[in-house]
Amino acid sequence: CAWNDPGIPEFNHISWGASSPWIKGSYYRLFYQINVANAYLRETTEDKLDARGCDASLKASIKTWRAEARFLRAYFYFELMKRYGGIPIIGDKVYDLNENIELPRSTFEQTVKYIVSELDAIKDDLRSLPLPDAAANAHVVTTQAAQALKIRVLLYAASPLFNEKPVESGNELVGYATYDRERWKTAADAARSFMNAYGTDGGPLGLDPNFKDVFTNWYDNTIHKEMIFFRENDSNTSIETANGPLGLSGAKQGNGRTNPTQNLVDAFLMKDGYFINEEGSAYEYDPQHPYDNRDPRLEYTIIHNGTNWLNNTMQTWQGGANNPLGSSYSLTSYYMRKFMGNFESGSEYQATLHNWVMFRYAEILLNFAEAENEYLSSPSQDVYDAIIALRKRAGIEAGNDNLYGLRDDMSQADMRKVIQNERRIELAFEEHRYWDIRRWRLAE
């Protein structure tokens, strides 16, 4: 089979990094990637494979690769949709440089329907978890990845920014023409189906026992079940040296590039699941010792004053040993801990596996809880169970009622506050928060 034909574009390496031009919102770059996907699909049709002499085995593989290309194309469309609403849908057409590309926008509803229909069409042509050789295939698009993207698309579509309170009422390019509460049910049902199919006992997906391990281990069918789709990075110290605290030397030195805010720190719960200063907590929040008796995810996510790191007790106040005044000091006195290896002790940073997460099972639980809670007049037991699962894994105390800080009489509004905060702390630094406060119409 003449597979190296110059007419077939390379579609093996798509950049997924947070610093990549298209992830920052570059309109042209996303459409460039869509055009590359379309070129790949154009050159791998059945008749063209026959003309190249491809055998049945290779054609079967190419069928899967075509489905992967359609997944990536759907993902690029979603990245456009969440930024702009309705966008031009070009289907399978490959545009050349001199062609007219002044195309009209599709409506928001048409855009959502197209993305969802593409994901439904390809799910049975993709490989499915558990993968037979996880180490070699962890990065590939799976049926579960396509369904996870569909759930995210439906959740965004049901959200106030597009459904209830679009920025321009009646403008079908930026949202739905009218509000429909059933859109929340559609998102909840998709997530529930996913959880029932893959997240039950013995299923290929679930929550990893250790929150920190999610981001520093390769996918393993028997141990690390949380990853649905992610980018494998090399084993190195790049995350640590870029984001580790200042004021250390040699192989301990970090550049402190990511500085969490006090607002985020305050969002982390007390260790019994109550908000700080919330009435009823067994633990009194002490502003003089603000990190005592807190949600363990705070220590997993943020380096703060008093954190043990590389056998040092961090002094992160402005002018402290680990926040020296100068051109690179932390204005917030915090550093990001998430995604880094276990370097609380040790003499220096060692090469560590790092994963950039696109979809993980915890998000499915949060997506379900939000959509179900918004559809119902009061939270169901299934909503409680989703939040409890996350808090239990995090190390929150169960309490005498086994509710992990939740109350048994919560209203829809009460649970909404919990879910929105849970997304903030569970998914911190995973590129959700900005888009969440936009779609909730809370960004103002």
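**Close-up views of a predicted model**

**View 1. Surroundings of Tyr77 in helix α3.** A polar atom of the Tyr77 side chain lies 3.1 Å from the backbone nitrogen of Ile90, a polar contact being a pair of N or O atoms within 3.5 Å in which, within protein, one must be able to donate a hydrogen and the other to accept it, with residues adjacent in sequence counting only if both atoms are side-chain atoms. This is a predicted model, in which local features need pLDDT of at least 70 and side-chain atom pairs count only at pLDDT 80 or more, whereas totals for chains, interfaces and linings use all residues. Residues are numbered from 1 along each chain as its sequence is written, and side-chain values use heavy atoms, with hydrogens and water left out. Tyr77 belongs to helix α3 (residues 56-84); helices (H or I, at least four residues) and strands (E, at least two) are DSSP runs numbered from the N terminus. Tyr77 counts as buried because its relative accessibility is 0%, where buried means under 20% relative accessible area, exposed over 50% and partly exposed in between (1.4 Å probe, protein chains only). Leaving out residues up to four places away in sequence, Tyr77 touches, among others, Phe31, Ile34, Pro88, Ile90 and Tyr114, contact meaning heavy atoms within 4.5 Å. Although Tyr77 and Ile34 are 43 residues apart along the chain, their C-alpha atoms are separated by 7.9 Å.

**View 2. The largest nonpolar core.** This core has 101 residues, and those with the most contacts inside it are Phe71, Tyr77, Leu149, Phe359, Leu406 and Met415; such a core is a set of buried Ala, Val, Leu, Ile, Met, Phe, Trp, Tyr and Cys residues joined through side-chain atoms within 4.5 Å. Helix α6 (residues 143-158) gives the most to it, with 11 residues. Apart from this core lies another, of 10 residues, including Leu246, Trp309, Tyr335 and Phe343.

**View 3. Asn322 in a loop.** Asn322 is placed in the loop between β4 (312-313) and β5 (335-336) and is buried, because its relative accessible area is 5%. Beyond residues up to four places away in sequence, Asn322 touches Leu246, Gly247, Leu248, Thr313, Met314, Gln315, Thr316 and Tyr335.

**View 4. Backbone features in loops.** In the loop between α4 (108-122) and α5 (134-137) is Pro130, and the peptide bond leading to Pro130 from Leu129 is cis, with omega near 0°. Asn311, a residue other than glycine, has a positive phi near 60° and is exposed, with a relative accessible area of 57%.
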